[in-house]
Amino acid sequence: MKRLSTLSIAAALACMASSSMAAEPVIGLITKTETNPFFVKMKEGAQAEAKKLGAKLLSGAGKTDGDNAGQVTAMENMIAAGAKTILITPSDSKAIIPAIKKARDKGVMVIALDSPTDPVDATDALFATDNYKAGVLIGQYAKAALGGKAPVIATLDLFPGHPVGAQRHNGFLQGYGLQSFDAKNNELAKPAEVVCMADSFGDRAKGQTGMENCLQKNPNINLVYTINEPAAAGAYNALKAAGKEKDVVIVSVDGGCDGVKDVAGGKIAATSQQYPLKMAAMGVAAGVEYAKTGKKVSGYVDTGVTLIAAKPVAGVDSKDTKVGVDLCWGKK
């Protein structure tokens with residue numbers, strides 16, 4: 001009887017532990033960095049949704065954008081801590097794949113946020129902006145804003161081979177109506193109108209240096225595409241120092257609050273706004289659903305993009321900076 005009683009207690013404790021685990025799914029979020037406002041907002045969105053749905057959120061990041069080893073370590077630690085869903089913004093779209101495969105082989109659902117892996121189907125799903133469309137929108141705007149002038153273009157890109165960088169760059173050229181590649185190609189198109197290309201790594205200082213070098217190469221640049229708004233701010237600083245800030249149209253992607261302020265202030269002509277909080281919230285919700293039902297999400301989910309411009313142009317749908325401020329992320 002005593003042994004039966006002990007077994008009953010053990011069974012009850014096991015049942016309670018199982019119920020506790022079921023009541024609190026463990027979900028991991030791995031971003032590229034902890035400091036970029038985009039990823040700060042993503043983490044806030046994940047935390048809010050986890051609290052709302054009764055999940056436990058583990059978070060980690062690389063030390064810098066491109067730190068694949070840091071992301072791999074974070075993933076291994078989260079799996080050891082019981083995470084059954086991991087949300088990740090891959091720093092290196094190819095190098096992270098072996099770690100993702102190990103996770104999925106253990107039954108962990110892996111969802112890419114914002115940035116796809118290469119190949120895309122290395123994760124269960126992708127929740128992200130249509131980055132090609134984001135590029136197309138600013139390309140269309142730039143063409144209208146130049147008003148018939150022949151474009152002399154500088155592009156401040158991310159770094160070679162990254163899908164997001166390629167999609168935004170090639171989408172921009174496609175939107176302008178220039179020779180480009182489709183959304184599946186991770187090479188950067190370079191039609192004759194593009195006179196200079198520089199890698200900014202999405203960084204303000206590197207964006208400024210890249211713009212300075214491009215101006216030395218061709219002082220007649222009248223249109224600048226940038227991978228994001230920090231790079232755009234750097235480009236503007238270089239143009240202002242050269243006395244050319246009023247002669248050049250800058251377009252970008254992101255929609256952070258600082259970027260929208262730069263649109264309102266005339267530094268950036270237009271930006272395509274994306275929504276990191278929404279990506280993360282949807283990812284956490286999918287993780288909770290997987291914990292409860294065993295059902296995994298699959299494929300690509302478009303989390304939306306809106307063109308924000310200070311001055312509307314004919315034939316291109318945009319919203320004003322007031323809407324941009326209402327929807328922006330980072331410090332308002």
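The questions and answers below concern the sheet and some of the helices of a predicted model.

User: In what order do the six strands of the open sheet stand?

Analyst: Strands of a sheet pair through backbone hydrogen bonds, either parallel or antiparallel. In this open sheet the pairing is parallel, and neighbouring strands are turned by 20° against each other on average, when direction is ignored. The order of the six strands is β2-β1-β3-β4-β5-β11.

User: Which strands stand at the edges of this sheet?

Analyst: A strand at the edge has a single partner strand, so one side of it is left without a neighbour in the sheet. One such partnership joins β5 (residues 125-128) to β11 through four bridges, with Gly299 in β11 as the bridge partner of Ala125. The strands at the edges are β2 (56-61) and β11 (299-302).

User: Is Thr85 buried or exposed?

Analyst: Thr85 belongs to strand β3, which covers residues 85-88. Leaving aside neighbours within four places in sequence, its contacts include Val26, Ile27, Val108 and Tyr290. Since a residue under 20% relative accessible area is taken as buried, and Thr85 has a relative accessibility of 1%, Thr85 counts as buried.

User: Are α3 and α4 roughly parallel or roughly antiparallel to each other?

Analyst: Helix α3 (residues 68-80) and helix α4 (residues 97-105) pack with their axes 10 Å apart, at an angle of about 10°. Angles under 35 degrees count as roughly parallel, and α3 and α4 are therefore roughly parallel.

User: What class are the six residues in the contact of α3 with α4?

Analyst: From α3, the residues Val72, Met75 and Ile79 meet Ala99, Ile100 and Ala103 of α4. The contact has no polar and no charged residues, and by class its six residues are nonpolar.

User: Which residues of α4 are buried?

Analyst: An α-helix has 3.6 residues a turn, so residues three or four places apart point the same way. Lys101, Lys102 and Asp105 are exposed on the other side of α4, whereas the buried residues pack against α3 and β4. The buried residues of α4 are Ala99, Ile100 and Ala103, and seen down the helix axis they fall within an arc of 100°, so they line one face of α4: Ala99, Ile100 and Ala103.

User: At about what angle does helix α10 run to β4?

Analyst: Helix α10 covers residues 276-293 and lies across β1, β3, β4, β5 and β11. Another helix, α3, lies across β1, β2 and β3, and runs at about 175° to β1. For α10 and β4 (109-113), the angle is about 170°.

Notes:
Residues numbered from 1 in each chain as written. Predicted model: local features only at pLDDT ≥ 70, side-chain atom pairs only at ≥ 80, totals over all residues. Heavy atoms only, no water. Axes fitted to C-alpha atoms, helices over the stretch in contact; angles between N-to-C directions. Helix = DSSP H or I, 4+ residues; strand = E, 2+ residues; numbered from the N terminus. Parallel < 35°, antiparallel > 145°, perpendicular 65-115°, else oblique. Contact = heavy atoms within 4.5 Å. Nonpolar A, V, L, I, M, F, W, Y, C, P; charged D, E, K, R; others polar. Buried < 20%, exposed > 50% of the residue type's maximum accessible area, 1.4 Å probe, protein only. Pairing = 2+ DSSP bridges. Arc of directions from axis to C-beta.
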